[in-house]
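Me: I am new to this structure and would like to go through it slowly, one question at a time. Please explain each term when it comes up.

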Amino acid sequence: MYTIFITGTAGSGKSTLAGAFSDWLRSQEQSTLLVNLDPAVLTLPYEPDVDVREMVDYERVMTTRRLGPNAALIATLREVARHIEEVADEVNSHEVDFLIVDTPGQLELFAYRKEGRIFTKYIGEGRKVMLFLLDPMFCAVTRNFVASMFLASSIYLTFQLPMIQILNKIDAVPKKYIDRIERWSESLESLIVDIENRSKNVLMHLSREIAQSVYDIVSNMPIVPVSSITMEGFAELHAILTRVVGEGEIELR
Ligand SMILES: Nc1nc2c(ncn2[C@@H]2O[C@H](COP(=O)(O)OP(=O)(O)O)[C@@H](O)[C@H]2O)c(=O)[nH]1
Ligand SMILES: [Mg+2]
């Protein structure tokens, strides 16, 4: 069994990918289990098999405890973490090929609080992998690409799980952007040349420094372009999951 945690900034397409990739896997005769870890989501583009909204009531916490949206999300995630063994028992009682875990909308509440690590520790068995979603429209600019590399390495440091970067929503972006991002991920030299040509002074120096310091971490993560609308790239994502993660190559790096 593979356990896939889907992470990325708010709106990067985590929930859509969770549903679409599960549909695709099922069409390939693979069994999947979909887990929603977002207590605050109103509607989901898939039918979750395990849903934390059945365990905590985000709206009620917000009104009864007079909390703002983020504080209520923190409180409800903490509540779920307190009952993590029940959640894990429910999830882990199913025998499936792929366990797909959709994480809360706001990345920082999952990634930079201890609850996130509790979830990734207890939920799922077998090989665990994290997908980190990138928006290709944003990442096609050098300084944004560097900022995303920095974020990806920070998430990797936090969870220490094998990570695959997903260049998402490619149906909505010109192909030249995807090619550019792939070129940067394959060659630090090419990224540095573009940083030097496209930015100036402090920004150029800062981008170059950051790129040089995190490139080794990030360049070891595969980068897969996909679309949850056309399902383009899903076969490649599946192949990378089974081949690279399956053989433990990412863990060894
Ligand atoms: N064009 C396009 N839009 C997408 C894709 N994946 C997600 N979206 C849209 O991006 C928005 C945010 O998606 P959602 O899955 O809710 O993001 P989340 O906050 O990361 O869970 C929604 O309007 C989706 O329809 C994709 O592959 N292509
Ligand atoms: Mg979502």
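Reply: Domain bounds, as used here, come from an automatic or database domain assignment. The model is a predicted one, in which local features need pLDDT of at least 70 and side-chain atom pairs count only at pLDDT 80 or more, while totals for chains, interfaces and linings use all residues. Residues are numbered from 1 along each chain as its sequence is written, and chains are lettered from A and ligands numbered from 1 in the order in which they are written.

Me: Into which domains is the protein divided, and how far apart do their C-alpha centres lie?
Reply: The division gives domain 1, residues 1-125, and domain 2, residues 128-223. Between the C-alpha centres of domain 1 and domain 2 the distance is 26 Å.

Me: How many helices and strands are there in the protein?
Reply: Helices (H or I, at least four residues) and strands (E, at least two) are DSSP runs, numbered from the N terminus. On that basis the protein has 13 helices and seven strands.

Me: What is the radius of gyration of the protein, and what does the globule rule give for 253 residues?
Reply: The radius of gyration is taken over C-alpha atoms, and the globule rule is 2.2 Å times the number of residues to the power 0.38. The C-alpha trace spans about 55 × 45 × 35 Å along its principal axes. The protein is as compact as a globular protein of its length, because its radius of gyration is close to the value from the rule, each being 18 Å.

Me: In which order do the seven strands stand in the sheet, and which of them are at the edges?
Reply: Two strands pair if DSSP finds at least two bridges between them. The seven strands make an open sheet with parallel pairing, in the order 3-2-4-1-5-6-7. Each edge strand has a single partner strand, so one side of it is left without a neighbour in the sheet, and these edge strands are strand 3 (50-51) and strand 7 (223-225).

Me: Which residues are the bridge partners of Val-35 and Asn-36 in strand 3?
Reply: Strand 2, residues 32-36, pairs with strand 3 in the parallel sense over two bridges, and with strand 4, residues 98-102, in the parallel sense over five bridges. On the strand 4 side, Asn-36 stands opposite Asp-102. In strand 3, the partner of Val-35 is Val-50 and that of Asn-36 is Asp-51.

Me: Is strand 1 largely enclosed or open, and how many of its residues are buried?
Reply: A residue is buried if 20 or more other C-beta atoms lie within 10 Å of its own, exposed if 12 or fewer, and partly exposed in between, with C-beta atoms placed from the backbone. On one side of strand 1 Tyr-2, Ile-4, Ile-6 and Gly-8 are buried, and on the other side Thr-3, Phe-5 and Thr-7 are buried as well. Strand 1 is therefore largely enclosed by the rest of the structure, the buried count being seven of seven.

Me: Which strand gives the largest share of the side of domain 1 that touches domain 2?
Reply: Two residues are in contact if their C-beta atoms, placed from the backbone, lie within 7 Å. By this measure, 15 residues of domain 1 are in contact with 13 residues of domain 2. The elements giving two or more residues to this side of domain 1 are strand 1 (2-8), helix 1 and helix 6 (114-122). The largest share, seven residues, comes from strand 1.

Me: Where does ligand 1 lie, and which residues come nearest to it?
Reply: Both domain 1 and domain 2 give residues to the shell around ligand 1, so the ligand lies between them. A residue is near a molecule or strand if its C-beta atom, placed from the backbone, lies within 6 Å of it. Helix 1 (residues 14-27) gives the largest share of the shell, three residues. Of the 16 residues around ligand 1, the nearest are Gly-13, Lys-14, Ser-15, Thr-16 and Ser-228.

Me: What is the phi of Arg-66, and what is that of Met-231?
Reply: Most residues other than glycine have a negative phi. Arg-66 is in the loop between helix 2 (58-64) and helix 3 (69-82), whereas Met-231 is in the loop between strand 7 and helix 12 (234-245). Phi has a positive value in both residues, near 50° for Arg-66 and near 65° for Met-231.
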